[in-house]
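Hi,

Here is the structure I promised to send over. Have a look at it first, and my notes follow underneath.

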Amino acid sequence: MRRLWFFVFWVGSISAIAQPNIIRIEYFIDADPGRGNGTSILTASPTINILENVNTASLTLGFHVITVRAEDQFGVWGLPESRPFFVALSAPSSQNDIVAMEYFIDADPGRGLGVAIPITPAINLNILENVPTALLAEGFHLITIRAQDQFGVWGLSESKPFYVNQSTTTVANNITAMEYFIDADPGWGLGVAIPITPAINLNILENVPTASLAEGFHLITVRAQDDRGTWGLSESKPFYVNQSTTTVENNITAMEYFIDADPGRGLGVAIPITPAINLNILENVPTASLAEGFHLITVHAQDDRGTWGISESKPFYVNQSTTTVANNITAMEYFIDADPGRGLGVAIPITPAINLNILENVPTALLTEGFHLITVRAQDDRG
């Protein structure tokens, strides 16, 4: 049977009184059946680490998207989290060569019908391709690229927005207007105006009133207009509104961590701290008793009201080798655009060390005008 293993790290949000419990988690694959109609993962806790087997036997071979979401005890659904995955009959015994690549702009003509990018088949490719834009209308467009392997399987598409300026001048345009809106889009130019002084680049710090917003998650979106009346791409971020009457920041009074399995709030390994509003902690974590391989460390903190904050998790790798000596970096090199092969790049002079911070001048006088790709790699004292 084909199966997919995945980790879901879902956290509840902090309220003024206590964190609401997550009472239900569900997932769905590809099409959204509607909230509450996905495949249920039953649980009840403010913070949950889930390891779930997902049966993929009924799925077609190829790429799919799995989405997970959670509901709290007040019936509020959190933001969904989606991840692509690939279904295959068995784990591949080797990596497959990329044999074809193509791109298209804006409308998708169908797989295999885009503009072919000439390549030499390989497992990994760095491609620098000039894309003609003379026939495109001035304004924003979307370029999409995808690749096909030796078995005829197309990979996930990767898209990026870009802007075409058909003017003969290369002068950058001033930003003359900025606006934001929360949740529903009122239309271009109808958002809440952000006062600015026109300039090419702007860093804006704006207070956004939230008193009229319902408690829970919302989405704020910001966009800008230039001196030709052109609106740029919108940028959106989720945020959480807590309508508690208290505005005093609370001290962090306790911190703890655990590795892999969650023992429960307050039952992790205590991290000694001095209570404060903000803390930077450097803590040695013993790993001698851990099995070699990947593990997950999770940290959370409690404030002076007894409320536990959102957990933060990071994966790490344990190597139980008997040697504890780190290896020196003995060589570094870079190349621009095409890879000449390992050891054949431009050598970067270094003094062998375990950690290096390098500032290197890269000559560009012989490069053509336009985009290029610089790649850096290093070799240790074991080759």
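One bit of vocabulary before the notes: a strand here is a DSSP run of E with at least two residues, and strands are numbered from the N terminus. In that numbering, Val-241 sits in strand S14, and I'll come back to it below.

Please keep in mind that this is a predicted model. The average pLDDT of the protein chain is 79, and 85% of the residues reach at least 70. The weak spot is residues 1-18, where pLDDT is below 50, although the model gives this stretch 77 contacts beyond near neighbours in sequence. Where pLDDT is low, the predicted coordinates should not be read in detail.

Now the interior. The largest nonpolar core has eleven residues, among them Ile-22, Tyr-27, Val-54, Leu-59 and Phe-85. Strand S2 (22-29), strand S5 (62-72) and strand S6 (81-87) each give two or more residues to this core. There is also a second, separate core of ten residues, including Met-255, Leu-290, Ala-301 and Val-318.

Val-318 comes up again in a sheet. Strands S16, S15, S17 and S18 form an open, antiparallel sheet in the order S16-S15-S17-S18. Its edges are strand S16 (269-271) and strand S18 (312-318), each of which pairs on one side only. From one strand to the next, the twist averages 30 degrees. Strand S17 (residues 293-303) is joined to S18 by seven bridges in the antiparallel sense, and there Gly-293 stands opposite Val-318.

Further along the chain, three strands make another open antiparallel sheet, ordered S20-S19-S21. Here the edge strands are S20 (346-348) and S21 (374-380), and the twist averages 30 degrees between one strand and the next. Strand S19 (residues 329-336) and S21 pair antiparallel over seven bridges, with Met-332 opposite Ala-378 in S21.

How many aromatic pairs does the structure hold? Just one. The partners are Trp-188 and Trp-231, with ring centres 5.9 Å apart and planes at 45 degrees, so the pair counts as tilted. Trp-188 is in the loop between strand S11 (175-182) and strand S12 (192-194), while Trp-231 is in the loop between strand S13 (216-226) and strand S14 (235-241), so the pair ties together parts 43 residues apart in sequence. Are the two tryptophans buried or exposed? Trp-188 has 48% relative accessibility and is therefore partly exposed, whereas Trp-231, at 16%, is buried.

Two more residues from those same strands are worth clicking on. Ile-182 belongs to strand S11. Its C-alpha is 9.7 Å from that of Lys-237, although the two are 55 residues apart in sequence. Leaving out residues up to four places away in sequence, Ile-182 touches Val-208, Leu-213, His-218, Leu-219, Ile-220 and Phe-239.

And back to Val-241 in strand S14. Its relative accessibility is 3%, so Val-241 is buried, the cut-off being under 20%. Its contacts, again without residues up to four places away in sequence, are Thr-210, Leu-213, Ala-214, Glu-215, Gly-216 and His-218. The C-alpha atoms of Val-241 and Ala-211 are 8.8 Å apart, with their positions 30 residues apart along the chain. Leu-213 and His-218 are touched by Ile-182 and also by Val-241.

Cheers

Terms used
Residues numbered from 1 in each chain as written. Predicted model: local features only at pLDDT ≥ 70, side-chain atom pairs only at ≥ 80, totals over all residues. Heavy atoms only, no water. pLDDT = per-residue confidence, 0-100. Contact = heavy atoms within 4.5 Å. Core = buried A, V, L, I, M, F, W, Y, C linked by side-chain atoms within 4.5 Å. Buried < 20%, exposed > 50% of the residue type's maximum accessible area, 1.4 Å probe, protein only. Helix = DSSP H or I, 4+ residues; strand = E, 2+ residues; numbered from the N terminus. Pairing = 2+ DSSP bridges. Axes fitted to C-alpha atoms, helices over the stretch in contact; angles between N-to-C directions. Phe/Tyr/Trp six-rings, centres within 6.5 Å; stacked < 30°, edge-to-face > 60°.
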